[in-house]
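Okay everyone, thanks for coming. I've got one structure to walk you through today, so let's bring it up.

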Amino acid sequence: MSNIDAIPFVDLKAQYASLKDEMDREIATVITNTDFIKGPTLAAFEAAFAERLGVAAGAVIGCANGTASVTLALRGAGVKPGDEVILPSHTFFATVESVVNVGAVPVFVDIRASDYTLDPEAVEAALTEKTSAILPVHIYGTPCDMGKLQAICASHDLALIEDCAQAHLAQWDGQTVSTIGDAAGFSFYPGKNLGAYGDAGATIVRDKNAAENIRRYVDHGRTGKYESAMIGDNLRMDTLQAKVLSVKLPHLPNWTQARRDIAARYDTRLQAAGFKVITPDAKAKAVYHLYIVEVANRDEVQAALKAQGIATGVHYPIPCHQQPAMKTAEHRVSGSLAVTEQIVENILSLPVFPELTEAQQDRVISCFLEVAKPTA
């Protein structure tokens, strides 16, 4: 199989080629101006991202990476050591690390079989007097049922913190995710729908005073160049990444629509052949960071597609509550995680990125259908 026939899982080279002239020019400007930490470039990106999300300009705080963004969101929402935070086990492990890193206790609950998002009924069953927050993960770019989760939080005086690492511009009931809860975290890891050229993230904190505290916290708690009002950390987003994200941000709506179009095409063909795919809630508008399908013969399918030059993935094969690290970390599992433990045996991620051509899509679908078997 020649390289020209290969279909990557994500094609960052094609994306860069489409932006090359502007990107090279803007990066050169940062280097020429030796504007590497904080400053107007970062402030401009924070303001532009805030406008795109629909939040106050000061609510967006650029930070070092997606893991830090969720950790900071928890801090910004007032989660304290010893508090319990309810979250899904079906997520990237960074979500759990964020909870543990603020001294809180992760409480794992199950997900809905329809869309793999946090199950509100399981959340309610997990509540205790120690619960301080719910941490829904908009997994794969599919919004959780924020209406039910908001109601639970309102009834029990809990913080609602959104993990939006895979959900740039996703919406629930017409409202952009990250603007619904008390705080939220985004990842700009290179392969994300909006990706940097290295690690970067952003925290959204809706309370103005809390946002200012987080802004100081990421920069050593400083109130002046050599004055620190709190014990903070060094979790800043560097200016080069802010510039890269500023160049990409105007293209994000079109890239998002392209992902939706590809997913719709996949859905039509795969559902007609009897395959289980994500079915977002009627109020959810997903952004398809990943395209997931369940198969009964995953190893065979991956091997066959690899032989045809088609890259695939599995996100995520080990539930967080079964990770080796949790053997020594304090946590709690609430109820049965039957859906979580079942789907990880069958889920497969197919290529989905804005530059994926219709011919490539057709080839992915046809090669997949030749070998894949639906789950019962």
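**Cavity, patch and backbone oddities**

Let's start inside: the residues lining the largest cavity split into five nonpolar, two polar and four charged. Keep in mind that this is a predicted model. So which residues line that cavity? From the early part of the chain you have Val-10, Asp-11, Leu-12 and Gln-15, then Pro-190, Gly-191 and Lys-192, then Arg-259, and finally Phe-353, Pro-354 and Glu-355. The space in there comes to about 50 Å³, and the structure has one cavity of 30 Å³ or more.

Now, out to the surface. Ile-31, Phe-36 and Ile-37 make a nonpolar patch of about 270 Å². Ile-37 sits in the loop between α1 (12–32) and α2 (39–53). Is Ile-37 buried or exposed? In between: its relative accessibility is 45%, so it counts as partly exposed.

That loop between α1 and α2 also holds Lys-38, which is not a glycine and yet has a positive phi of about 55°. Lys-38 counts as partly exposed because its relative accessible area is 36%.

Why point that out? Well, most residues other than glycine have a negative phi, and most peptide bonds are trans.

Leu-169 also has a positive phi, near 75°. You'll find Leu-169 in the loop between β5 (159–163) and β6 (171–172). With a relative accessible area of 14%, under the 20% cut-off, Leu-169 is buried.

Last one: the peptide bond from His-315 to Tyr-316 is cis, omega near 15°. Tyr-316 is in the loop between α10 (298–307) and β15 (332–333).

Note on methods
Residues are numbered from 1 along each chain as its sequence is written. This is a predicted model: local features need pLDDT of at least 70, side-chain atom pairs count only at pLDDT 80 or more; totals for chains, interfaces and linings use all residues. Side-chain values use heavy atoms; hydrogens and water are left out. On a 1 Å grid over the protein atoms alone, a cavity is a set of points where a 1.4 Å probe fits but cannot get out, and a pocket is an open set with protein on both sides within 12 Å along at least five of seven lines; lining residues have an atom within 4 Å of a point. Grid points are joined across faces, edges and corners, and a volume is the space filled by probe spheres set on the points. Ala, Val, Leu, Ile, Met, Phe, Trp, Tyr, Cys and Pro count as nonpolar, Asp, Glu, Lys and Arg as charged, and the others, Gly among them, as polar. Patches are made of residues with over 30% relative accessible area and no salt bridge: like charges are joined within 9 Å, nonpolar side chains (Val, Leu, Ile, Met, Phe, Trp, Tyr) within 5 Å. Accessible areas come from the Shrake-Rupley method with a 1.4 Å probe; for residues, only the protein chains shown count as cover. A salt bridge is a side-chain nitrogen of Lys or Arg within 4 Å of a carboxyl oxygen of Asp or Glu. Helices (H or I, at least four residues) and strands (E, at least two) are DSSP runs, numbered from the N terminus. Buried means under 20% relative accessible area, exposed over 50%, partly exposed in between (1.4 Å probe, protein chains only).
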